[in-house]
Amino acid sequence: MDGQEDDPAAADVFAAIGNERRIAIVYELQRAFRDGDAALPYAELKRRVGLRDSGNFNYHLQQLVGRFVHEREDGYALTYAGRKVASALTAGIFTDRPAGESLLAPGTCYACGAASLSARYERERVYVACEDCGEELLHGPFPPGPATRRDDLLEAFEGWTRRWNALAAAGTCPECGSRMTATVTDAAPPRCTGDVSHRFRVACTECWARANLPPGCLVRDHPRVVDFLATRTTDVDDRPLWDLDWALHRDSLDLVEGDPVRLRLRIPADDAELHVTVDAAATVVETAVVER
Ligand SMILES: [Zn+2]
Ligand SMILES: [Zn+2]
């Protein structure tokens, strides 16, 4: 069988969670965990879910046991799959309908230099664009629930995106933990991030996760880059990814070898540049500090 679309076991798993009472059990176990109870005893869980009929409650609980809920000596607790379901519900993936309001974003546009950036939330993604020239600087997914609830959405999105990219660059899928591969391309798919000659297509070998990213977005949190920026600049912590021209614009990227591809990114600081060389699989193969 190719893929899991026709897997009857997977369908059973979703049938097992498809009930209000069982969702309530998952929510209560999540709430208990957050309040410091790693597990809840049977009677306490039943009380919290609010089902008087023991047979009915037990029936629903048993549908979850072994898949979304562990039965342990001290009671019932969420499994990893149960936690993922709870997180997905909390992230609002299935229920929230956020409005696409526009927010002012800090920084300047790499294309025209204007300090008039804005961000909007649309189709479950944050888009940062220049109001003056219309360039789209950066965009990426962010869960709809927190997008509507958080008043620091842009900071949260920026941190989320950088961690996502850093995990992908390290070869691990940020969505499912499987292996992530990167391949270089000089093609620019529609609506991709940044304006560069070459990008990396990162893709999970098992799940849907993939992105087309400029090399600078992938190496932003590489230890050598973090160290260089921390020692040579004073404002790096204040500058979001969409404000880093070297990460998003072609002027900072050189093709040093064509076959196999090697790219060199030049990251400026006040008095020096960090040259970061990456291979065709986005691995950092060399770094050098060049005084200016
Ligand atoms: Zn602009
Ligand atoms: Zn994955």
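Modeller: Two strands count as paired if DSSP finds at least two bridges between them. Strands (E, at least two residues) and helices (H or I, at least four residues) are DSSP runs, numbered from the N terminus. This is a predicted model, in which local features need pLDDT of at least 70 and side-chain atom pairs count only at pLDDT 80 or more, while totals for chains, interfaces and linings use all residues. Residues are numbered from 1 along each chain as its sequence is written, and chains are lettered from A and ligands numbered from 1 in the order in which they are written.

Colleague: Which domains does the assignment give for the protein chain?

Modeller: The bounds come from an automatic or database domain assignment. For this chain the assignment lists domain 1 (8–90), domain 2 (102–216) and domain 3 (221–291).

Colleague: How far apart are the C-alpha centres of domain 1 and domain 2?

Modeller: Domain 1 covers 8–90 and domain 2 covers 102–216. The distance between their C-alpha centres is 35 Å.

Colleague: At what angle do H2 and H4 pack?

Modeller: H2 covers residues 20–34 and H4 covers residues 54–64, and their axes are 9 Å apart. Axes are lines fitted to C-alpha atoms, for helices over the stretch in contact, and angles run from 0 to 180 degrees between N-to-C directions. On that scale, H2 and H4 pack at about 70°. H2 is therefore roughly perpendicular to H4 (under 35 degrees is roughly parallel, over 145 roughly antiparallel, 65 to 115 roughly perpendicular and the rest oblique), the angle being about 70°.

Colleague: Which residues of H4 are met by Arg-21, Arg-22 and Ile-25 of H2?

Modeller: Two residues are in contact if their C-beta atoms, placed from the backbone, lie within 7 Å. The contact of H2 with H4 divides into three nonpolar, two polar and two charged residues (Ala, Val, Leu, Ile, Met, Phe, Trp, Tyr, Cys and Pro are nonpolar, Asp, Glu, Lys and Arg charged, and the others, Gly among them, polar). On the H4 side the residues are His-60, Leu-61, Gln-63 and Leu-64.

Colleague: How many charged residues are in the contact of H2 with H5?

Modeller: The axes of H2 and H5 (residues 80–90) come within 10 Å and cross at roughly 95°, so H2 is roughly perpendicular to H5. Val-26, Tyr-27, Leu-29 and Gln-30 of H2 meet Gly-82, Val-85 and Ala-86 of H5. By class there are five nonpolar residues, two polar ones, and, as for charged residues, none.

Colleague: Which strands are at the edges of the sheet S3-S4-S5-S6?

Modeller: The sheet is open, with four strands and antiparallel pairing. An edge strand here pairs on one side only, which holds for S3 (102–105) and S6 (136–141).

Colleague: Which helix packs on the sheet that holds S3?

Modeller: S3 pairs with S4 (residues 117–122) over four antiparallel bridges, and Ala-105 has Leu-117 as its bridge partner. The helix covers residues 153–169, touches S3, S4, S5 (125–130) and S6, and makes about 70° with the direction of S3. That helix is H7.

Colleague: Where does Arg-123 lie?

Modeller: Arg-123 is not a glycine, yet has a positive phi of about 45°. Its place is the loop between S4 and S5.

Colleague: Why do S10 and S13 each have one side without a neighbour in the sheet?

Modeller: The second open sheet has four strands in the order S10-S11-S12-S13, paired antiparallel. S10 and S13 stand at its edges, so each has a single partner strand.

Colleague: What is the bridge partner of Leu-253 in S11?

Modeller: S10 and S11 pair in the antiparallel sense over five bridges. Within S11, Leu-253 is partnered by Leu-265.

Colleague: Which residue takes a positive phi in the hairpin of S12 and S13?

Modeller: S12 (residues 272–278) and S13 (residues 284–291) run antiparallel and are joined by seven bridges. The hairpin has five residues between the strands, and the positive phi, near 70°, belongs to Ala-282.

Colleague: What is omega for the cis peptide bond between Asp-259 and Pro-260?

Modeller: Pro-260 is found in the loop between S10 (253–258) and S11. For the cis bond joining Asp-259 and Pro-260, omega is about -5°.
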